[in-house]
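Please open the structure in your viewer and keep the selection tool at hand. The tour below proceeds by selections, each followed by a description of what is found there.

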Amino acid sequence: MAVGRTQSDYLVTGIDNYIKRIGRYMPMEFKVIPDIKASRSLSEAQQKEQEGRQMLAALMPGDVAILLDERGRQYTSREFAGLVDRYALQSVKRLVFIIGGPYGFSKEVYDRADSLLSLSKMTFSHEMVRLFFVEQIYRAMTILRGEPYHHD
């Protein structure tokens with residue numbers, strides 16, 4: 001789940017490519033929370049609250065929600081594959097990874113989150129994170145299946 005649509009065509013193409021590849025291994029939906037209208041008239045806190053309400057409304061009871069957040073735990077690709085596998089073995093109905101808006105997440109979203117995950121200590125645009133993350137999900141699937149995509 002992410003806030004706002006991806007506007008760069010090359011990123012849309014890459015994201016769609018990896019989502020299609022992931023579909024060979026498991027069902028995946030990439031849900032977009034619409035941008036907040038008139039966001040320029042809102043404070044950062046108000047924008048996070050409005051986005052947060054939409055995120056929380058998109059979650060179902062029993063969902064495991066993992067926020068992509070700079071303060072989250074960092075994993076190697078193999079460790080991330082193990083994390084995905086552990087949730088699959090626990091028969092989690094939906095594992096939901098959430099990419100926040102430009103100002104991050106509201107307190108309510110943090111309170112609902114099951115954990116935080118960080119891709120890097122560096123900062124990336126929200127659009128780039130989408131591509132990086134779907135590639136990591138695909139990589140995790142190939143690691144779990146023993147396929148030759150990932151090299152240590």
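Select helix α3 (residues 77–89) together with α5: in this predicted model, their axes come within 9 Å and cross at roughly 80 degrees. An angle of 65 to 115 degrees counts as roughly perpendicular, so α3 is roughly perpendicular to α5. To see the contact itself, display the side chains of S77, R78, F80, A81, V84 and D85 on α3. Their counterparts on α5 are F133, Q136, I137, R139, A140, M141, I143 and L144. Coloured by class, the residues of this contact comprise nine nonpolar, two polar and three charged.

Keep α5 (residues 126–144) selected and add helix α1 (residues 9–22). Here the axes lie 9 Å apart, and the packing angle is about 20 degrees. Because angles under 35 degrees count as roughly parallel, α1 is described as roughly parallel to α5. The crossing of α1 past α5 is left-handed.

Next, show the residues at this second contact. From α1, select Y10, L11, G14, I15, Y18, I19, R21 and I22. These meet E127, M128, R130, L131, V134, E135, I137 and Y138 of α5. The contact of α1 with α5 is made up of 11 nonpolar residues, one polar residue and four charged ones. I137 may be highlighted in both views: it appears in the contact with α3 and in the contact with α1.

Now turn to the pockets. Which residues lie nearest the centre of the largest pocket? Select M26, P27, M28, L95 and V96 to find them. The volume of this pocket is about 720 Å³, and 27 residues line it. The elements giving two or more residues to this lining are α3, β4 (95–99) and α5. Of these, α5 gives the most, with six residues. Colouring the lining by class shows 20 nonpolar and seven charged residues, with no polar ones.

For the final stop, select L68, D69, E70, F124 and H126, which lie nearest the centre of the second largest pocket. Its volume is about 480 Å³, and its lining consists of 22 residues. Both β3 (64–73) and α5 supply at least two residues of that lining. Which element gives the most to the lining of the second largest pocket? It is β3, with four residues. By class, this lining has 11 nonpolar, seven polar and four charged residues.

Terms used:
Residues are numbered from 1 along each chain as its sequence is written. This is a predicted model: local features need pLDDT of at least 70, side-chain atom pairs count only at pLDDT 80 or more; totals for chains, interfaces and linings use all residues. Side-chain values use heavy atoms; hydrogens and water are left out. Axes are lines fitted to C-alpha atoms, for helices over the stretch in contact, and angles run from 0 to 180 degrees between N-to-C directions. Angles under 35 degrees count as roughly parallel, over 145 as roughly antiparallel, 65 to 115 as roughly perpendicular and the rest as oblique. A crossing is left-handed if the near helix is turned anticlockwise from the far one by less than a right angle, and right-handed if clockwise. Contact means heavy atoms within 4.5 Å. Ala, Val, Leu, Ile, Met, Phe, Trp, Tyr, Cys and Pro count as nonpolar, Asp, Glu, Lys and Arg as charged, and the others, Gly among them, as polar. On a 1 Å grid over the protein atoms alone, a cavity is a set of points where a 1.4 Å probe fits but cannot get out, and a pocket is an open set with protein on both sides within 12 Å along at least five of seven lines; lining residues have an atom within 4 Å of a point. Grid points are joined across faces, edges and corners, and a volume is the space filled by probe spheres set on the points.
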